[in-house]
Amino acid sequence: MNTLVASLLSQLVTAGSEATYWFPPQASTVAAEIDWIYYFIYWISVFFTVLILAAGAWFMIKFRSAKTAPAAEAGHNTALEVTWTVVPAILCVFIFYFGLTGYMDTHTPPDDSYVVNVTGVKWAWAFTYPDGTVSDTLHVPVHRPVRLVMSSEDVIHSLFIPAFRTKQDVVPGRYTEEWFEATETGEFVIFCTEYCGTKHSEMLSKVVVHTEAEFSSWLAQAGNIHERMSPVEAGELLVKQRGCLQCHTVDGSTSTGPSWKGIWGRSEKLSDGSSVTVDENYVRTSILQPQAQVVAGFGPVMPTFQGKLKDRDITAIIEYFKTLK
Amino acid sequence: MSTAAAHDHQGDHGHGHDPHLAHHFDSPQQQFDSGKLGIWLFLVQEILFFSGLFCAYAVYRSNHPEIFEFAHRYLDVTLGAVNTVVLICSSLTAAWSVRAAQLGQRKLMIGCIVVTIACAFGFLGIKYVEYQHKFHEGLLWGEKFNPKHAPGGHGEETGHGAPHSEAAGSTAQVDNTGSPGDHGATAQPEKHAASPAVTHEAAGDAKVTTPRNTSIFFSIYFAMTGLHGLHVIAGIIVYIWLLWRALKGEFGPKQYAAIDFAALYWHLVDLVWIYLFPLLYLIR
Amino acid sequence: MSSLDTVGHGAPSHAEDNYLTHAHGFKSWALTLDHKRIGIMYLCSTVGALMLGGVFALLLRTELLTPGPGIMDHDTYNRMFTLHGAIMVFLFIIPAIPGALGNFVLPIMLGAKDVAFPKLNLASYYLWVFGAIFFVTAMVHGSIDTGWTFYTPYSVTTPANGVVWATMGVFILGFSSIFTGMNFIVTIHKLRAEGMTWFRMPLFLWAIYSTAIIQVLATPVLAITVLLLTVERTLHVGIFDPSLGGDPVLFQHFFWFYSHPAVYIMILPGFGIISEIVGVHSRKHVFGYRFIAFSSLAIALLGFLVWGHHLFTSGQSALASVIFSAITFTIAIPSAIKIFNWLATMYKSSLQLTTPMWYAFGFIVLFVIGGLTGLFLAAMAVDIHLHDTYFVVAHFHYVMVGGTLLALFGGLYHWWPKMFGRMYNEFWGKVGAVLVTLGFNVTFFPQFVMGTRGMPRRYFTYLPEFQAFHVASTLGAYLLGFGIVLAFVNLAIAAFRGRKSAANPWGGATLEWECASPPPHDNFAVMPTARDPYDFAHLTYDEKTDGYVARRS
């Protein structure tokens, strides 16, 4: 019943938050306020743009003179000077005030927020939930404040959810925070907005907003992949979730890292001149100590997955590799 | 760079009667005033140039006071103090050379310039000794930071200590690569802190814990003193040029602008060191 | 006072000695100490840089016609937008107006024979050349893909090896800019003509003076920043590198401490030019002279205190963001004062609809839109949504291109008759002005919509829903490119084949209109006396020469 109410409610909310000409849908609690401030500035801007440009164009036509015309009389008007100094100043104070209060609202997470850890790495996001589940897309319950605690493993990234009007840089060596409360279920895009290199524009993900009940069942499902899937399926899911496919392909084309097509049993030439056959131990070493045996022709850029992939995960990935003929 | 503001005083492209007066100036006074304002602007620019490093110093010192507290004890206060005295002397002779030029005391002026140059070389010599010692002791920036002794423990048996500590260092290295997984995503810097601590135990010194990221202190130390050193070198070049012109007899009571401006520059270089010395050597 | 000012006003000047005919041969240009020739050299060089950066821009826009990969791959795109930004900012926008028009016009306007330090001036130019060589080296040797902002730790870790070349290029260009600024400050302080009090200084000089203050005070911080970045990349000292305990956000603070004031290095000279054009071509005393003069200084000084508004999403403290946001809004006020004063100058004037006036209007269009969209970004809550999206891209193009390019064109069309003694084709001049303004708006206005909808900047590929806007933007860019080329071609033809121009074709009252066109080597045969720079009453039109002559009893 709860679900029914929630979905009815969400439909109502959805109906009211279509994308407009300027904005994506309003899908978080702060979105409406931010859009309001935006439109407040927008209409002030429209007013002054029209005023200034119309006056300028009119003066250019109206006062156009022959070259022989005598120079015009100088004018001065202190009251006018004061007016156009004070009026913009007052408007600026208002805009500043609204901007400030809006910022405070969007930067003060409620105490009971649901916490998700976020890791940015070239060029994928990893979302870690309180129970240790990891996913490459962000799943959150609707109508519940969510706090993202974020860090980067390499360069600066920035997590931007346009529908929630929220954005925060993700910086290596420190934690930054971002919070939101989704107001409707559905899927919304996540962009990386701090330039981070080759595939910056492909560092996309999505936030999936579930009802409370759907979220619980998703989390339970996502947490035990090894129980509900075959090792091959689990391996396929893991390489997708952990961002491996940002650098490795399964179709034979070369990317930042070697392709996995036909990898199993292949003899790889390494950058130190030696060669190695791809077997269980090589895959394991490459995941845990990526810099130890780098395939010739590729840079030593892969991050380690020590502590992030369990033995069982690696076994599943190995099983998956065996299927990539 | 530093001589640029004084360039016009060669003034050889004018058509005026005074060979030192450039064509676009009305009077020698105007020319001198322009040069003076120019060199002051240059000095303002220099101060802002250094201010970036002073800001970096302030940020790291306020965020990590323990690093500065710990690492400054590696520095040799005696050598730093001697260098301070040397630079102050050179500043005095630089100022004196201007006075001598104004009064037409040619020999005194040349003498002062020579002493200034000698002091500048002396400063660099002492700095070289300090740098060499730090290179030898592994007191360097970034990943190269690998001290062979605890602070204050330098000086004795350096020859003997070196290979011994090196072995210890490589032990630490192995230790690092073996356990990256222990550190979290953000704990990478920790591995650099690990090596000195291990080193000291292996070398049998008194037990000392090196704060995390102590290498930052030496990054800042080398950046600041290195940039200052480059300015000293630039000053030496300027003063050698002045000496050459002085020997040719180009300076006199009416023609001393270049000496005046160079002295202003030299005072700034001195002043920067007077800030650097306490900030780096005399913490607490 | 004499009834006619300095002789030779209306007389054709080709027989006389001028700065162009004073000496001949390559060396007479390469080693010249004449501020006018140095100005011309700056003009040619910076316009060359503009063309190079412009070609990159058109290639980028062509790539963005489709959401997926088009004419280039990821890395090429990333390198190209980096080079577009770096070349435009460091080789064109910052040096163009002070280097070209500032050098040419400033000493003459001031009634001086040259800048205070002519050799230093030439050295500045050659530093620009060296900086450009470093950039070209960065381009061909390893390239650079960091964005023009060189953010750490990306710039420390990227495999593109051109980074060090580029940062050293920026370092060198920084000193070029510093020396130019020093030169101008000293010149304005010490070499003013008789009667040239501070409040008889043309507004262009106030603007250049304010610019020079920023150049001297802010650029050294950039110099030390890129120097540290170079050291970081080569020696790994760890000051900005988090993997060695450094703070990558500190780099952003350092960088923007320069680069925000640098925005005013770009725009203030533009304000100065527009003030001149609006005054002279309205044939009316500039309204609120002191307000405009002081607003330039105010912008220059406040500009130092707002760098943190680039870091609202970086994780800096909320308090810092609040302060930076508040100060940012204060800059809106002097900017608004200028706009309103220009409008008031045009009101009840004897306005001449010349090409420079068209550019001045184009400037006002772009600057009003660019300035007002700055309010969105200064409001913290809204900036969080808009930061690093196309909204920001559109905003700073409106300000920087509107500010620099249109003002540069306006200034060139205003002073071209003075620089070369020849008049251009007015019809094609106006067509160029319309095309540039129109093309610009078609290019960048759709980017405001895209940005508000969430399109992030520096994206090689994008979601298909943005395509219509990208296509419009690209078509606008072609139009803009065509307009720019047309405007320059018109000027180039005029320089060689234009009809002879009078010494004072617009009826300007500042001192540069009192010397012959082109000016003689030493600028003035008789040193002039400065009067009110915007008192046009004594200047009357002379049909024979199609110029204005002074009648003063």
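Where in chain C is the place of Pro518(C)? Pro518(C) is in the loop between strand 2 (499-500) and strand 3 (539-542) of chain C. The bond that joins Ser517(C) to Pro518(C) is a cis peptide bond, with omega about -15 degrees. This is a predicted model, and every value below is computed from it.

## Unusual backbone geometry

Most residues other than glycine have a negative phi, and most peptide bonds are trans. Several sites here depart from that pattern.

Chain A has a cis bond from Lys122(A) to Trp123(A), with omega near -10 degrees. Trp123(A) sits in the loop between strand 1 (114-121) and strand 2 (124-128) of chain A.

Chain C has residues with positive phi. Arg458(C) is not a glycine, yet its phi is about 60 degrees. Its loop runs between helix 14 (426-453) and helix 15 (467-497) of chain C. Is Arg458(C) buried or exposed? Arg458(C) is buried, because 20 other C-beta atoms lie within 10 Å, and 20 is the number at which a residue counts as buried.

Asp546(C) also has a positive phi, near 55 degrees, and is not a glycine. Asp546(C) lies in the loop between strand 3 and strand 4 (547-550) of chain C. Asp546(C) has 15 C-beta neighbours inside 10 Å, so this residue counts as partly exposed.

Arg283(C) has a positive phi of about 50 degrees and comes just after helix 8 of chain C.

| Site | Backbone feature | Value |
|---|---|---|
| Lys122(A) to Trp123(A) | cis peptide bond, omega | near -10 degrees |
| Ser517(C) and Pro518(C) | cis peptide bond, omega | about -15 degrees |
| Arg458(C) | positive phi | about 60 degrees |
| Asp546(C) | positive phi | near 55 degrees |
| Arg283(C) | positive phi | about 50 degrees |

## Helix 8 of chain C

Helix 8 of chain C covers residues 248-282. Of its 35 residues, 35 are buried. The helix bends by about 30 degrees at Trp256(C). What span should its 35 residues have at 1.5 Å a residue? The expected span is 51 Å, and the end C-alpha atoms are 51 Å apart, so the two agree.

## Chain A

Chain A holds eight helices and 12 strands. Its C-alpha atoms fill a box of roughly 90 × 60 × 30 Å along the principal axes. The radius of gyration is 28 Å, while a compact globule of 325 residues would have one near 20 Å. Of the 325 residues, 38% count as buried. Among contacts between residues at least 6 apart in sequence, 64% join residues at least 24 apart.

One strand pair stands for the sheet structure here. Strand 5 (residues 145-152) and strand 8 of chain A pair in the antiparallel sense over six bridges. Val146(A) stands opposite Phe180(A), a residue of strand 8 of chain A. Why is strand 8 (residues 176-181) of chain A described as largely enclosed by the rest of the structure? Because five of its six residues are buried.

## Chain B

Chain B has eight helices and zero strands. Its elements run α-α-α-α-α-α-α-α from the N terminus on. Of its 284 residues, 39% count as buried. Among contacts in chain B between residues at least 6 apart in sequence, 71% join residues at least 24 apart.

## Where the chains meet

Chain A puts 69 residues in contact with 75 residues of chain C. On the chain A side, helix 2 (31-62), helix 3 (78-106), strand 6 (157-161) and strand 7 (166-170) each supply at least two residues. Helix 3 of chain A has the largest share, 15 residues. By class, this side of chain A divides into 38 nonpolar, 22 polar and nine charged residues.

Chain C also touches chain B. This contact takes 38 residues from chain C and 36 residues from chain B. The elements that give two or more residues on the chain C side are helix 4 (118-140), helix 6 (163-190), helix 7 (203-235) and helix 8 (248-282). Helix 7 of chain C gives the most, with 10 residues. The chain C side has 26 nonpolar, seven polar and five charged residues.

Helix 8 of chain C thus appears twice in this report: it is among the elements that touch chain B, and 35 of its 35 residues are buried.

Definitions and conventions: Residues are numbered from 1 along each chain as its sequence is written. Chains are lettered from A and ligands numbered from 1 in the order in which they are written. This is a predicted model: local features need pLDDT of at least 70, side-chain atom pairs count only at pLDDT 80 or more; totals for chains, interfaces and linings use all residues. Two residues are in contact if their C-beta atoms, placed from the backbone, lie within 7 Å. Helices (H or I, at least four residues) and strands (E, at least two) are DSSP runs, numbered from the N terminus. Ala, Val, Leu, Ile, Met, Phe, Trp, Tyr, Cys and Pro count as nonpolar, Asp, Glu, Lys and Arg as charged, and the others, Gly among them, as polar. A residue is buried if 20 or more other C-beta atoms lie within 10 Å of its own, exposed if 12 or fewer, and partly exposed in between; C-beta atoms are placed from the backbone. Two strands pair if DSSP finds at least two bridges between them. The radius of gyration is taken over C-alpha atoms; the globule rule is 2.2 Å times the number of residues to the power 0.38. The expected span of a helix is 1.5 Å times one less than its number of residues. The bend at a residue is the angle between axes fitted to the seven residues ending there and the seven starting there.
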